Amino acid sequence: NCRISNSVKIIEHGRNLKSFTKGSSILDQKIVSKKIIIEADCHIGVGSIILPGVTIGKGSVIGAGSVVTKSISNKGVYAGNPAKFIRDI
């Protein structure tokens, strides 16, 4: 029961750059995967990006082009890069 608009990217994995050391290759870094949870009755706007480990709370709205880097609460409007709380619904 969610509306996910066009061109939304849901990215559950990436490289662990915290362990990157001088002289090492980016390809030497381990791939880290973290679960993403999108709860019911959400709307994710066009072109938004959802990053690993994020939970989008029930009834939330993500504005177009937003980058969600941290979990967000229920029934809130979030927008921006990184996505920030705008108001409650």
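This is a short talk on the fold of one protein chain and on one of its glycines.

Hi everyone, thanks for coming. A reminder before we start: what you see is a predicted model.

Let's begin with the whole chain. There are 12 strands and zero helices, so to speak a β run from start to finish when you read along the sequence. The C-alpha trace spans about 50 × 20 × 20 Å along its principal axes. Of the 89 residues, 26% count as buried. The chain exposes about 5,900 Å², and carbon and sulfur atoms supply 54% of that area. For those of you who think about charge, the chain has 13 positive and 5 negative charges, and the mean positions of the two groups are 6 Å apart.

Now to a sheet. Three strands form an open one, in the order E2-E7-E10, with parallel pairing. The edges are strand E2, residues 9–10, and strand E10, residues 67–68, and each of them pairs on one side only. Strand E7, residues 49–50, pairs with E10 over two bridges. If you want to find that on screen, look for isoleucine 49, whose bridge partner in E10 is valine 67.

Valine 67 also takes us to my last stop, glycine 80, because Val67 is one of the residues that glycine 80 touches, along with Gly65 and Ser66, leaving aside residues up to four places away in sequence.

Where does glycine 80 sit? You'll find glycine 80 in the loop between strand E11 (76–79) and strand E12 (84–88). Is glycine 80 buried or exposed? Glycine 80 is partly exposed, because its relative accessible area is 31%, which falls between the 20% and 50% cut-offs. Finally, isoleucine 62 is 18 residues away from glycine 80 in sequence, and their C-alpha atoms are 8.9 Å apart in space.

How values were computed. Residues numbered from 1 in each chain as written. Predicted model: local features only at pLDDT ≥ 70, side-chain atom pairs only at ≥ 80, totals over all residues. Heavy atoms only, no water. Helix = DSSP H or I, 4+ residues; strand = E, 2+ residues; numbered from the N terminus. Buried < 20%, exposed > 50% of the residue type's maximum accessible area, 1.4 Å probe, protein only. Contact = heavy atoms within 4.5 Å. Pairing = 2+ DSSP bridges. Areas by Shrake-Rupley, 256 points an atom, 1.4 Å probe, with all protein chains shown as cover. Lys, Arg positive; Asp, Glu negative; His and termini not counted. Charge placed at Lys NZ, Arg CZ, Asp CG, Glu CD.
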